[in-house]
Amino acid sequence: PRREAQKEAGSVKSTVLSQVQFKMQDFWSVPLSEFDVITVFGVRSIMSRLEDKLTVEATKELYVVCYRFPLPTKTAVYSKDELFIYRFDDTSVNNQS
C-alpha cells in the first residue's frame with residue numbers, strides 16, 4: 001500500500017509540475033493579468049504602487065502572495081505572521097475588499 005501511495009503521489013506531483021511555470025520578471029514591465037499566482041518579496045515603498053497595478057490589471061482570478069510587507073489597503077484572504085495572500089479578479093477592480 002505504501003508503494004502505491006508513493007506512486008500516486010509522484011504521478012500527481014508530475015502532473016501539477018507540468019502545469020507550473022516560474023518566471024522572474026519586472027512587475028512594472030509586464031501585464032500582470034497573464035498570471036494566476038504572483039509571489040512578492042517586496043519592500044514597503046513599492047507595495048502601494050504594486051497594489052494599484054494589480055487592481056487595474058486583474059482581469060481573471062489572480063492570487064498574490066506577499067511576504068513581509070502587506071498591500072496597504074487590500075484585505076488579505078489569509079494572513080499569518082508575515083505572510084499575506086490576496087485574491088484579485090475582474091469583480092474586485094475598484095473594490096478593495
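## A starting point: T75

At 48% relative accessibility, T75 counts as partly exposed, because exposed residues need over 50%. T75 belongs to the loop between β2 and β3. Y86 stands 11 residues away from T75 in sequence, and their C-alpha atoms are 7.0 Å apart in space. Please keep in mind throughout that this is a predicted model.

## Overall layout

Let us step back to the chain as a whole. The protein has 2 helices and 4 strands, and along the sequence they follow the pattern α-β-α-β-β-β. Of its 97 residues, 26% count as buried.

One of the buried residues is L50, with 1% relative accessibility. L50 sits in helix α2. Its C-alpha atom is separated by 8.3 Å from that of W28, and the two residues are 22 residues apart along the chain.

## A network around R87

How many salt bridges does a search of the whole structure find? The search finds 5. As general background, side chains of opposite charge can pair when their charged atoms come close.

Three residues, E61, R87 and D89, are linked in a network of salt bridges. In the pair of E61 and R87, the closest N and O atoms are 2.9 Å apart. That pair links distant parts of the chain: E61 is in the loop between α2 (44–57) and β2 (62–67), while R87 is in strand β4 (residues 83–88), 26 residues apart. R87 also meets D89 in a salt bridge, at 2.8 Å from N to O.

Are the members of this network buried or exposed, or in between? E61 is partly exposed, with a relative accessible area of 40%, and R87 is partly exposed too, at 33%. D89, by contrast, counts as buried at 6% relative accessibility, because the cut-off for buried is under 20%.

## R68, E82 and the loops beside β3

Another salt bridge joins the side chains of R68 and E82, with 3.3 Å from N to O. This pair also links distant parts of the chain, 14 residues apart: R68 is in the loop between β2 and β3 (78–80), and E82 is in the loop between β3 and β4. Both partners count as partly exposed, R68 at 43% relative accessibility and E82 at 33%.

R68 deserves a second look for its backbone. Its phi is near 85°, a positive value in a residue other than glycine. D81 has a positive phi as well, near 55°, and is likewise a residue other than glycine. For context, most residues other than glycine have a negative phi. D81 is found in the loop between β3 and β4. At 71% relative accessibility, D81 counts as exposed, whereas R68 is partly exposed.

## The largest pocket

If you are thinking about empty space in the model, here is the main entry. The largest pocket holds about 650 Å³ of space. Which residues lie nearest its centre? They are Q21, K23, F35, V37 and I38, out of 18 residues that line the pocket.

By class, the lining has 11 nonpolar residues, 4 polar residues and 3 charged residues.

## A nonpolar surface patch

On the surface, L17, V20 and F22 form a nonpolar patch. Together these residues have about 350 Å² of accessible area.

Within the patch, V20 lies in the loop between α1 (2–17) and β1 (37–40). V20 is partly exposed, with a relative accessible area of 36%. That value satisfies one condition for a patch residue, because patches are made of residues with over 30% relative accessible area.

## Bringing it together

The helices and strands follow the pattern α-β-α-β-β-β, and R87 in strand β4 pairs with E61 from the loop between α2 and β2. D89 extends that link into a network with E61 and R87. The loop between β2 and β3 holds T75 and also R68, whose side chain meets that of E82 in a salt bridge. Elsewhere, the model offers a pocket of about 650 Å³ and a nonpolar patch of L17, V20 and F22 on the surface.

Terms used. Residues numbered from 1 in each chain as written. Predicted model: local features only at pLDDT ≥ 70, side-chain atom pairs only at ≥ 80, totals over all residues. Heavy atoms only, no water. Salt bridge = Lys/Arg side-chain N within 4 Å of Asp/Glu carboxyl O. Buried < 20%, exposed > 50% of the residue type's maximum accessible area, 1.4 Å probe, protein only. 1 Å grid on protein atoms, 1.4 Å probe; cavity = no way out; pocket = protein on both sides within 12 Å on 5 of 7 lines; lining within 4 Å. Points joined across faces, edges and corners; volume = space filled by probe spheres on them. Nonpolar A, V, L, I, M, F, W, Y, C, P; charged D, E, K, R; others polar. Patch = residues over 30% accessible without salt bridge, like charges linked within 9 Å, V, L, I, M, F, W, Y side chains within 5 Å. Areas by Shrake-Rupley, 256 points an atom, 1.4 Å probe, with all protein chains shown as cover.
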